[in-house]
Amino acid sequence: MVGDKVVEIGAHWIHGPSRENPVFQLASEHGLLDEDAMSEENQQVEAGGHPVGPSECYSSQGHLLNSDIVNSMGLLFFTLLEESRKFLHADKVPVPSVGKYLKDAIAQRVNEWTDDDKTKSLKLAILNMYFKLECCVSGTHSMDLVGLGPFGEYIMLPGLDCTFPNGYEGLTDCIMSSLPKGTVLFHKPVKTVHWGSSYLEESTGRFFGVQVECEDGEKFLADHVIITVPLGFLKEHQNTLFCPPLPSQKMSAIRKLGFGTNNKIYLEFEQPFWRPDCEFVEVVWLDESPLAEQPSDLKATWFQKIAGFIVLHPPERYGHILCGFIAGKESEFMETLTDTEVLTTLTQVLRRATGNPHLTPRSILRSKWHSEPYTKGSYSYVSVDSCGDDIDVLAQPLPEEACNSKPPQVLFAGEATHRTFYSTTHGALLSGWREANRLIHIYDKSESLHAML
């Protein structure tokens with residue numbers, strides 16, 4: 001809550017709210033969306049997963065930048081970004097990363113510019129802002145870490161990204177209400193998943209293939225377990241969470257796939273300093289360029305990594321709230337600061353950018369996904385060291401040679417296990433359905449076989 005307003009610390013939007021999106025379909029069925037989100041027109045918009053709508057872009061020297069030059073650099077950046085998706089099935093990629101591809105293409109364009117040096121510097125600073133935005137979208141510290149070859153495998157669904165008027169929790173509440181009471185247990189952290197053996201339930205004399213040992217010592221027997229923990233948690237605990245250990249191929253996939261931090265910083269204001277129709281407030285740091293070495297002094301420059309601030313709409317529901325996004329090492333450093341330190345720094349940033357020395361946010365709320373012990377970050381990306389095959393390896397159930405006589409015991413779901421929708425809520429949902437259907441198919445097949453016999 002920011003004041004008395006409900007905001008999202010985690011998943012924010014339904015990305016690509018259209019017929020192909022299962023989250024959108026569920027939300028529609030439960031009547032959780034407003035009329036605009038449900039309109040056919042909005043479902044056909046190709047937003048590409050990025051903010052759309054009017055924006056206000058300020059320079060770090062306190063000037064409102066001309067929208068034409070900002071939009072032209074945005075068009076250039078997103079055109080090049082789309083070009084970087086064309087190497088999906090290429091035999092050879094020109095460079096390892098999306099970041100390197102973009103920088104090389106920009107450097108070539110700079111040589112063709114006929115502007116004066118000041119305008120060139122401004123254009124590069126604006127382009128650097130878009131790099132920061134894309135780091136938030138991809139959940140990475142730098143686009144230099146995102147693999148060029150597999151980048152085009154990620155699928156963006158059509159539809160103008162929308163939100164839940166009463167919060168994402170409304171959807172999970174609807175799903176939970178369909179489950180028998182007591183089905184879901186909270187505050188039961190798991191210590192070890194024992195698999196690949198037989199565990200006797202003494203009260204029934206039945207053997208199970210899996211034993212889940214909790215940190216409080218309680219143990220649960222099961223035929224199957226679906227692991228849905230974030231990739232960040234697996235990276236930190238893969239050596240201890242499973243007994244016997246995971247196969248080397250799966251452990252390698254966990255290590256190689258990327259998993260980064262993208263945090264939100266909500267700022268509430270008494271009155272808006274932005275126009276009523278503004279949907280995105282941006283700050284361009286004039287001394288920056290994607291072609292230059294990025295600052296390494298996190299303490300002095302962490303706030304410059306903020307990609308921009310989404311204006312929460314409508315004001316009748318939210319009042320006057322901005323939501324800033326910050327990714328990577330700077331985001332992780334931000335988590336080590338106090339609310340007061342962050343609020344003070346961002347107040348100074350916004351006063352400097354707007355030229356208004358009296359601008360004062362009245363409250364702050366932020367996420368700390370890297371510090372959360374059960375996430376250790378936000379969501380996954382395909383790194384320069386990995387490929388889509390690693391996602392499939394991560395998604396494969398155990399034992400590896402599962403057959404009718406020995407069905408899978410440990411199954412894997414979550415956004416990092418969906419090859420084309422990783423990093424999204426709909427990817428996470430589809431991966432869960434995939435593993436549920438895998439088990440349903442096994443039992444349906446078994447029943448059909450028994451019926452034949």
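# Exercises on a predicted model

A nonpolar surface patch of about 350 Å² is formed by M176, L179, V184 and F186, and the structure that carries this patch is a predicted model.

**Exercise 1.** Determine where F186 is found, and decide whether F186 counts as buried or exposed.

*Solution.* Begin with the position along the chain: F186 sits in the loop between α7 (169–177) and β2 (190–194). Next, take the relative accessibility of F186, which is 57%. Since exposed means over 50% relative accessible area, F186 counts as exposed.

**Exercise 2.** Describe the second largest pocket by its volume, its lining and the helices that supply this lining.

*Solution.* The volume comes to about 480 Å³ for the second largest pocket. Of the 23 residues that line this pocket, the closest to its centre are H141, S142, Q294, K305 and E330. Turning to the helices, at least two residues of the lining are supplied by each of α5 (98–112), α6 (117–138), α10 (298–301) and α12 (328–334), and the largest share, four residues, comes from α6. Sorted by character, the lining residues of the second largest pocket divide into seven nonpolar, eight polar and eight charged.

**Exercise 3.** Find which parts of the chain are tied together by the salt bridge between E40 and R19, and state how exposed each partner is.

*Solution.* In the salt bridge of E40 with R19, the closest N and O atoms are 3.0 Å apart. Because E40 lies in helix α3 (residues 40–43) while R19 belongs to the segment before α1 (22–29), the pair ties together parts that are 21 residues apart in sequence. With a relative accessible area of 40%, E40 is partly exposed, whereas R19, with 58%, is exposed.

**Exercise 4.** Work out whether K123, the salt-bridge partner of D115, counts as buried or exposed.

*Solution.* The closest N and O atoms of D115 and K123 are 2.8 Å apart in their salt bridge. The relative accessibility of K123 is 12%, and since buried means under 20%, K123 counts as buried. D115, by contrast, is partly exposed, with a relative accessible area of 25%.

**Exercise 5.** Locate D216 and K188, whose side chains meet in a salt bridge.

*Solution.* The N to O distance in this salt bridge of D216 and K188 is 2.6 Å. The pair links distant parts of the chain, 28 residues apart, with D216 in the loop between β5 (210–214) and β6 (219–222) and K188 in the loop between α7 and β2. D216 is exposed at 53% relative accessible area, and K188 counts as partly exposed at 22%.

How values were computed:
Residues are numbered from 1 along each chain as its sequence is written. This is a predicted model: local features need pLDDT of at least 70, side-chain atom pairs count only at pLDDT 80 or more; totals for chains, interfaces and linings use all residues. Side-chain values use heavy atoms; hydrogens and water are left out. On a 1 Å grid over the protein atoms alone, a cavity is a set of points where a 1.4 Å probe fits but cannot get out, and a pocket is an open set with protein on both sides within 12 Å along at least five of seven lines; lining residues have an atom within 4 Å of a point. Grid points are joined across faces, edges and corners, and a volume is the space filled by probe spheres set on the points. Ala, Val, Leu, Ile, Met, Phe, Trp, Tyr, Cys and Pro count as nonpolar, Asp, Glu, Lys and Arg as charged, and the others, Gly among them, as polar. Patches are made of residues with over 30% relative accessible area and no salt bridge: like charges are joined within 9 Å, nonpolar side chains (Val, Leu, Ile, Met, Phe, Trp, Tyr) within 5 Å. Accessible areas come from the Shrake-Rupley method with a 1.4 Å probe; for residues, only the protein chains shown count as cover. A salt bridge is a side-chain nitrogen of Lys or Arg within 4 Å of a carboxyl oxygen of Asp or Glu. Buried means under 20% relative accessible area, exposed over 50%, partly exposed in between (1.4 Å probe, protein chains only).
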